[in-house]
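Subject: Structure handover

Hi,

Here is the structure I promised to pass on. Have a look at it first, then read on for what I found.

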Amino acid sequence: MELYYIQNTHAGFLGNAIIFWAMNSRGYTCDLKSSHKFTADEAKKICLGNPEKNKAWPVEYLDNLIESQKLIIDCQYLEHDEVKKWD
């Protein structure tokens with residue numbers, strides 16, 4: 001069964017990250033691990049309901065892109081207490 005992530009194009013971007021529907025339709029997220037995976041029928045219904053706003057991306061395609069990209073550090077997740085302070 002083919003599954004899809006739904007991109008909300010009206011939500012814009014977080015840095016360079018695109019925004020997806022979160023699990024159980026609980027808002028939006030740029031983290032694919034927290035994104036809902038929709039069946040083809042669900043994705044088609046959502047996208048046809050508002051095609052300018054919603055885009056369906058195959059899960060397999062995006063998951064493969066994540067695996068091939070280099071990891072980056074997002075500053076919003078840094079704990080400043082963890083910075084090494086030199087004496």
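Which strands do the buried residues of α1 pack against? They pack against β1, β4 (20-21), β6 (38-39) and β7 (54-58). Before I go through the details, please keep in mind that this is a predicted model.

First, the general layout. The protein has 87 residues, and 23% of them count as buried. There are 2 helices and 7 strands, which follow each other along the sequence as β-β-β-β-β-β-α-β-α. If you take the contacts with a separation of 6 or more, 55% are between residues 24 or more positions apart. The exposed surface is about 7200 Å², with carbon and sulfur atoms supplying 54% of that.

Now back to α1. Its buried residues are A43, I46 and C47. They sit on the same side of α1, because the arc they cover around the axis is only 95 degrees. On the face turned away from that buried side you'll find the exposed residues D41, K44, K45, L48 and G49.

Those three buried residues also belong to the largest nonpolar core, which has 7 residues: Y4, I6, W21, F38, A43, I46 and C47. Two elements, β1 (3-8) and α1 (40-49), each give two or more residues to this core. The largest share, 3 residues, is from α1. There is also a second, separate core of 5 residues, including Y5, L32, V59 and L62.

Within the largest core, F38 is worth clicking on. Leaving out residues up to four places away in sequence, F38 touches E2, L3, Y4, I6, W21, A43 and I46.

Y4 is another one to look at. This residue lies in strand β1 and counts as buried, because its relative accessible area of 17% is under the 20% cut-off. Its C-alpha atom is 6.6 Å from that of A43, although the two residues are 39 residues apart along the chain. Beyond its neighbours within four places in sequence, Y4 is in contact with H36, K37, F38, T39, A40, A43, A56, W57, P58 and V59. Its side chain also makes a polar contact of 3.3 Å with the side chain of E2.

What about a polar residue in the same strand, N8: buried or exposed? N8 lies in β1 too, and with a relative accessible area of 3% it is buried. The side chains of N8 and Y28 are joined by a polar contact of 3.2 Å. Apart from residues up to four places away in sequence, N8 touches I19, W21, Y28, K53 and N54.

Last, the cysteines. How many disulfides are there? The count comes to 0. As for where two of the cysteines sit, C30 is partly exposed, with a relative accessible area of 27%, whereas C47 is buried at 14%.

That's what I have so far. Shout if anything looks odd when you open the file.

Cheers

Technical notes. Residues numbered from 1 in each chain as written. Predicted model: local features only at pLDDT ≥ 70, side-chain atom pairs only at ≥ 80, totals over all residues. Heavy atoms only, no water. Helix = DSSP H or I, 4+ residues; strand = E, 2+ residues; numbered from the N terminus. Buried < 20%, exposed > 50% of the residue type's maximum accessible area, 1.4 Å probe, protein only. Contact = heavy atoms within 4.5 Å. Areas by Shrake-Rupley, 256 points an atom, 1.4 Å probe, with all protein chains shown as cover. Disulfide = S-S within 2.5 Å. Core = buried A, V, L, I, M, F, W, Y, C linked by side-chain atoms within 4.5 Å. Arc of directions from axis to C-beta. Polar contact = N/O pair within 3.5 Å; in protein donor to acceptor, adjacent residues only side chain to side chain.
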